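Thanks for making the time this morning. I would like to walk you through one model, beginning with where its chains meet and ending with a single helix.

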Amino acid sequence: MELNQYLEMFIEESKEHLQACSEHLLELEKNPEDLTIVGEIFRSAHTLKGMAATMGFEDLADLTHKMENILDAIRNSKIKVNAEILDVVFESVDHLEEMVFDIADGGDGKHDVQATVEKLKRIEAGEPATAASEPMPGQEVAAAMVVNESEQPAEAPELKLSYDDFEKTVILQSSEQEFNAYEITVALREDCLLKAARVFMVFEILEKNGDVIKSTPTVDKLEEEQFDSVFHVAFISKEPAEDLQKMLMKVSEVDRVVVNKIERDVFVTKTAAIEVPAEEVQPQPAIQETVTAVSEEQPKKAASAKNNNSKSGHASSKTIRVNIERLDILMNLFEELAIDRGRLLSIAGDVNHGELNETVERMSRTMGDLQNIVLTMRMVPVDTVFNRFPKMVRQLSRDLNKKIELKIVGAETELDRTVIDEIGDPLVHLIRNSVDHGIESPEVRRAKGKPEEGTVELRAYHSGNYVFIEIEDDGAGINRDKVLAKALSKGIVTHEQSLTMTDKQINELIMASGFSTADVISDVSGRGVGLDVVKTTIESLGGNISIESTQNVGSVFSIQLPLTLSIISVMLVEIEQEIYAIPLSSIIETSIIRHSDILNAHNQKVIDFRGKVVPLVFLEEIFEVPRAEQKNDGFHSVVIVRKGDKLAGLVVDSFIGQQEIVLKSLGNYLTNIFAISGATILGNGKVALIVDCNALMK
Amino acid sequence: MTNATEQKNLKVIVFQLADKEYAIPVSHVKGIEKLMHITRVPKTERYVKGVINLRGVVTPVIDLRERFDLPVSGNEETTRIIIITLETMEVGFIVDSANDVLDIDASSIGQQPEVVGSLEEDFIAGVAKLENRLLILLHLDKVLNPID
C-alpha cells in the first residue's frame, strides 16, 4: 500500500490524539475517580495504536500498546490512579509525541523508550493477582457474566450499575407494586454505524414497556456515541424478561441483549437471597436462563469489540483540513474578482443602466460576505497553541517544586493561522518566565501570607482589530530597584533618564536588548531571560507587549496582536504618480507643515513637533522618485511615524486615505529591498509598495 | 509521442530582442502577457522594471534589453512580458515580441560561436540553427542571478 499520501493525515491525527491524551490525563489527575476520562484516553491511545501499526511505525504502536494496557487496567479498576502512574503515562505520551514529531520531520519514528517501557511493565505487573491472572485485560463484563450464569445459575447476578438511595427506593417500591426491575445490558455490533440511532431505538422500545431509571453511560453520552458498544440500563416494567429481550433483539445491529432481574434483596443483603419469599423465587429462573440470545462465540466477539472500540466513538468533527496554500490561491482569485468588481462598478456608473446597477450592487454585497468568509477561513482558535501549556506547567511545577495552577480563559479566540504559528514560542518563554521567576516557592508564599498554590492565568480575547493575549501571575512581581540598578550598570539607561521613568517603563526594561545575560537569571529577583527575543518576535508580527507589575502581588504580560497578518490597515500616500502604503500601526498622526517650519540641524532637516525635534525623511529622495517638475507650493504633507520611542516625519506629496489592504510578498527574486516590506494590490489592479518605517529610522 | 522524440526535441518559446531571436524551454514559461502597468520598485538594479499584478500575485519584471545591455527601445504594440518560473521564483521578462513555439532538434544545438557579442555570452546556454534562423538559448539561472 502506498502510505505516503496518508502520512500527513496520520501525523495530524496523531498529534490530535496525543493532545487529547494529555488533556484528559491532566483532567484525570484532578479527578482520579472518574473512569470515563480513562475511557477517553484509552480511546485516543487505541486509535493511535491502530494508525501507527497500519502505517508501519512499530515502535510507536508498541509503546502505545503498553500504555494502553495500563489504561485498560485502570479502566477496569485493577489499578488505582496515583501520581506515580500518571507520571509514567505522561512520560509515555511525551515519548510518543517525540516519535510523531520525528516522523513529521521525515524520520522513522524510532526512539529509545526502554526505560519507560520497563516502568509501564512494572506498573502492570506490580498489581495484585487480579491483574496477573486475567489473560486479557479488556475482557468484557458481559463475558464474565455469561460464565457466571452457567456456573452458578442459582445466584442472583451481580449488579453492573450502582444505584443511589433514591433509585434503590424506586426499585424496591416497584417490586412491591408487582413491577419487575431489570438491569439490561445491550451490546451493539462492533461494526454498527449509527450507534446513537440504535440507542434511540432501544430506548423507544423500553419506554413503551416501562420506565428507564438509569443508564450507564448517561443518556447524553449515549446520544453523543460516547461509548464503546455496550451500555447498561436499569429498567422497571411489567413485561417478563424474555419478552423484553426478544423485543430489543429486533433492533438491527444489536449484537446481544442480557436482561437480568434486580432482586430487591440485592440491596438488602446478598446472603438473604435464600429467605426470599416464594413468589419472588418464581421469576428467578427466567432471569438466569435469560437472556443471551447469542451463540457461544458472541461474548468473545463482544470483548474484542470492546477492545476495538476505535474511531466510531468520537463525535464526528465537522471540519475539513485545507492546505493553507490553497486558501492563499483562493484569496488571490478573490482579489481578482474584487478588482473586476471595481471596474464593473465604474462601468455601471458610466452606463447608468438601472438593472445593471442593481445587479452590480447585489454582486458587491455578495462579495462583501464572501470576503468575510474567505478571511475567516484562515482563522484558527488560539487553543491550538494554548493546549500544550497545561502539561508544560505541570512538568515545570514538578521540576521546580512549586504548586501552580494554570487557568486558561478564552481559548476559543481566533487568530490568523500565520500568527498562531509564530506566537507559540514567545508564549512558552513568557509562561516559563512566570512560573520560574514569578511564582515563589510554597514556603515563601506562605511566609508572605499568600496561598501556597500560585496561579498563572493565560487569557485571550478580541478587542477591535486586535487580539490580546495576557499572562498574569500572582507571584513576586518585578523588583523595580534591582531592575533599575541592573539597567544602569549595563548602560541601558542613564542616571538622568532613570529619574523620570515611570514604573511601567522600568518594568519594560527587562525586555530591552542587552538587559539579560545568563548570569542575571538567579540574582535579579525579577525576570529577564532573553525577553528581548520575545519582544522582537512579537513586534515582527506587528504586535506589541507591555508589562504591569506590582511587587509581591504579581505581574501581567499583555501582548497585543493584529487579527491577521495578511490584512493590515494602511495610509495610502502619493508621491508624484506613485502610491505607497504606510502601515497604520507605525503612524502617530499626519500633518501639513509650512516649508518655513523646516529647520536645519546639521545636515538633517527637522521640524518642531509638539515640542519635540523630529527629523524629516523625504520619501521622494529615499525612493528616488522621478519628478517631472519640482513642486513647491510652500506646504508639505508629513506622516509622523514611530519606532519604539523614536519619531520621524515622512514627507509625501499628498495623503490618499486609510485602507485595509492584503499583504503580498514581492516574491523570491526581489528580496531585501531597502525600506519596502511588501506590496499590495489596489482597487484599480495596480501594485502599491508598503513602506517599512522601521528601516527608515536608525 | 514516444520517449525517443521527447528526448530529441526541445519545445521552446521564441522571442525577439533587438535584431536577434532567443529561445526559452517552454517548460519554464508560465504565460505570455501583454504589457501592463508596472510599479517601480526603488533601489533595485536598473534592469528591474518593477512589479506587476499577475492575477493577484505580485511578480517582478525584468527588462531583458537592459539586462543584456542592448539599446533601450520604447514600448511597442508587440511588447510582451514572458512569465518565467524557475525553482521558487516567478519573474517576468520584457521582450520586443513573442514570435513562435518551436520544436528544436537537440542535435542542432551547438556551442555559442566565440565571435558573437562577448557581453552576452554568460547568459547563453547554446545556439540552435534552424534552416536560416539562429536561435539563442538562454541560460535562465544566469539571467536571473545578479551580476557579480
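**The interface and one helix**

Let me begin with one pair of side chains: A:Glu578 forms a salt bridge with B:Arg40, and the closest N and O atoms of that pair lie 2.7 Å apart. Please keep in mind that this is a predicted model. Across the interface of chain B and chain A the rule finds 1 salt bridge, while the count of residue pairs in polar contact between these chains, both residues being at pLDDT 80 or more, is 6. On the side of chain B that touches chain A, the elements giving two or more residues are strand E4 (48-54), strand E5 (57-63) and strand E7 (89-95) of chain B, and the residues of that side divide into 13 nonpolar, 6 polar and 3 charged.

Turning to the interface as a whole, 22 residues of chain B are in contact with 26 residues of chain A, and the two chains bury about 2,000 Å² between them, with 64% of it on carbon and sulfur atoms. In chain B, the residues that lose the most area to chain A are B:Arg40, B:Lys43 and B:Val58, which together account for 31% of what that side buries.

Now to the helix, H17 of chain A, residues 354-376: its 23 residues should span 33 Å at 1.5 Å a residue, and because its end C-alpha atoms are 34 Å apart, the two values agree. Within H17(A), the residues A:Val360, A:Ser364, A:Met367 and A:Val374 are buried, and the buried residues of H17(A) pack against helix H16 (324-351) of chain A. In general, an α-helix has 3.6 residues a turn, so residues three or four places apart point the same way.

Key: Residues numbered from 1 in each chain as written. Chains lettered and ligands numbered in written order. Predicted model: local features only at pLDDT ≥ 70, side-chain atom pairs only at ≥ 80, totals over all residues. Heavy atoms only, no water. Contact = heavy atoms within 4.5 Å. Buried area = accessible area lost by both parts, 1.4 Å probe. Salt bridge = Lys/Arg side-chain N within 4 Å of Asp/Glu carboxyl O. Polar contact = N/O pair within 3.5 Å; in protein donor to acceptor, adjacent residues only side chain to side chain. Helix = DSSP H or I, 4+ residues; strand = E, 2+ residues; numbered from the N terminus. Nonpolar A, V, L, I, M, F, W, Y, C, P; charged D, E, K, R; others polar. Expected span 1.5 Å × (residues − 1). Buried < 20%, exposed > 50% of the residue type's maximum accessible area, 1.4 Å probe, protein only.
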